[in-house]
Amino acid sequence: MKSGNTHLRILSLFFSFLFLLSALIVSASAEIQEPSAQGVDAVCVMNLEYGQTVYAQNETKHLYPASTAKLVTALVAEKAFFGKLDQKIEITSEMKNAFRGRCLGFALGERVTVEALLHAMLVGGYNDAAIALAFASLGDLASFCQEMNALVLELGATETHYTNPTGLHDPSMVTTARDTAYIARAIMQNEALYAITKKQKYVMPATNKSGEWTIYSRNSLISSILEEDYYYSYAEGIHAGSTDEGGDCVVTSGRLDGLSYVCVVLGGKQDGGKNNAFLTAASVLRYTLKNFSVQTLKTKKAEGATLPVLYSATVAEVAVHPKEDLTALLRSDFDPKNDLAFEVSLTTDTMEAPFEGGITVGRLYARDKSGKLLAQTELIVTEDVDAHGFLLFMARVKNFVRSPIFFMVILLIAALILGSVYYDKKRHRRRIRRIRR
């Protein structure tokens, strides 16, 4: 019997150990590990719907833009030729003299459509296409770069400056990962340009100087044609390129469950033949798509506060509700019970009947435990409340009695009475003097 009990105790301890081990494994697997951005200078991942940065490393550091400058070139050129993308541009000697670096090799006098040039620039990253678009858009490179810089300021990219439309190195041409995310967001909001950046290849139509030409995307996150090691099925668009000084630069996007993100990686370093910019972009985009979602912090039906009601015989107080559901884009391990705090700011401490529902009476703020603002919305009174006639009349009388006008009326009446008494006394004295005479 003792031996049997011993065996039961051993089995019990063994199964208890297995249970604890499994719990530890589940707990460990539930922890969200942020990706490491190795071998790159800066990263910025931004959500489009909320305009919120969800992952960043050195996102405000000044770096060289490399080929990401072509995104702005595309925006300026598309604006200049809006509705006329089938218009043909003739390659001039001035354009030819400005061709540098990676080029398709357009011939003098060759006539190419704006659409084909946009594809050559955004899909294949060709500099001569960017130069041709710049000259055709505004006549010269200086004017075009001036327009590029004006446009990025409008987009919120305040730390960016361009001196050429290609991204070829210039010490004075700089950007940041965050600024580039703003620029990429503008590309994603432009259906025509965004569609171009998603293409794995493009067959350029024959021109008056050459036959068809197939252009392949340099963005190996969306295409495995040129390189097979970096393809990521959830990546969409946008552009990739490099310079010796700027390193490998990648801009891509991803969408899952109704949420869209843009991912920017700048200053990637080659490591044993591996492109760290592509590896990092895939890693942080995968982390973002997997671990972020929209969470409802408080519904519009929830009570945010109560306010006492004056001059109503039936309603003593009314509830105050959020004008809309209060939502925020949060990591999936966010714990509302421990990490969330609400702050109510009211513009009044009472409601005076009568009033109708829909009146704004303050704001509701949601913050995390560090005090960071997560979301905010207006607070409103949703119900209609009528006033009791007598209570309202008495309140108006009371308010009038307390008002400066009432005080002035009392002074006026007092002055009239005193004046009348003084006048009567004066007239009485005159009468007595006449009698004595």
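User: In this predicted model, what is the handedness of the crossing of α4 and α5?
Analyst: We're looking at a predicted model here. The crossing of α4 and α5 is left-handed. Their axes, for residues 114–122 and residues 127–138, come within 8 Å and cross at roughly 140°. That angle isn't over 145, the cut-off for roughly antiparallel, and α4 and α5 are therefore oblique to each other. So for the handedness of this oblique pair, the word is left-handed.

User: How do the residues of the contact of α4 with α5 divide into nonpolar, polar and charged?
Analyst: On the α4 side you've got Val-114, Leu-117, Leu-118, Ala-120 and Met-121, and they meet Ala-129, Ala-130, Ala-132 and Leu-133 in α5. Sorted by type, the residues of this contact come out as nine nonpolar, no polar and no charged.

User: How many of the nine residues of α4 are buried?
Analyst: Buried means under 20% relative accessible area. The α4 residues that qualify are Val-114, Ala-116, Leu-117, Leu-118, His-119, Ala-120, Met-121 and Leu-122. The helix is mostly covered, and the number buried is eight.

User: At what angle do the axes of helix α2 and helix α6 cross?
Analyst: Helix α2 covers residues 69–80 and helix α6 residues 141–154, and their axes come within 10 Å. The crossing angle makes α2 roughly perpendicular to α6. The contact is made by residues including Val-72, Leu-75 and Val-76 of α2, with Phe-144, Met-148 and Leu-151 among those of α6. By type, the contact residues are nine nonpolar, one polar and two charged, and the axes cross at roughly 100°.

User: Which residues does Ala-98 touch, leaving out those up to four places away in sequence?
Analyst: Ala-98 sits in helix α3, residues 93–98. One of its partners is Leu-141, 43 residues apart from it in sequence but 9.2 Å apart in space, C-alpha to C-alpha. The full set is Ile-131, Phe-135 and Leu-141.

User: What kind of aromatic pair do Tyr-55 and Tyr-287 form?
Analyst: The count of aromatic pairs comes to four. In this one, the rings are 5.9 Å centre to centre with 70° between the planes, and planes over 60 degrees apart count as edge-to-face. The pair links distant parts of the chain, with Tyr-55 in strand β2 and Tyr-287 in helix α9, 232 residues apart. Tyr-55 is buried at 7% relative accessible area, Tyr-287 is buried at 6%, and the pair is edge-to-face.

User: Which residue joins Tyr-55 and Tyr-287 in a cluster linked by ring pairs?
Analyst: Tyr-55 lies in strand β2 and Tyr-287 in helix α9. Ring pairs link these two into a cluster with Phe-292.

User: Is Ala-66, with its positive phi, buried or exposed?
Analyst: Most residues other than glycine have a negative phi. Ala-66 has a positive phi of about 50° although it is not a glycine, and you'll find it in the loop between β2 and α2. Its relative accessible area is 1%, so Ala-66 is buried.

User: What about Asp-257, buried or exposed?
Analyst: Asp-257 also isn't a glycine, and its phi is positive, about 55°. The residue is in the loop between β8 and β9. With a relative accessible area of 72%, Asp-257 is exposed.

User: Where is Pro-354 found?
Analyst: A cis peptide bond joins Ala-353 and Pro-354, with omega about 5°. Pro-354 is in the loop between β17 and β18.

How values were computed. Residues numbered from 1 in each chain as written. Predicted model: local features only at pLDDT ≥ 70, side-chain atom pairs only at ≥ 80, totals over all residues. Heavy atoms only, no water. Axes fitted to C-alpha atoms, helices over the stretch in contact; angles between N-to-C directions. Helix = DSSP H or I, 4+ residues; strand = E, 2+ residues; numbered from the N terminus. Parallel < 35°, antiparallel > 145°, perpendicular 65-115°, else oblique. Left-handed = near helix turned anticlockwise from the far one by under 90°. Contact = heavy atoms within 4.5 Å. Nonpolar A, V, L, I, M, F, W, Y, C, P; charged D, E, K, R; others polar. Buried < 20%, exposed > 50% of the residue type's maximum accessible area, 1.4 Å probe, protein only. Phe/Tyr/Trp six-rings, centres within 6.5 Å; stacked < 30°, edge-to-face > 60°.
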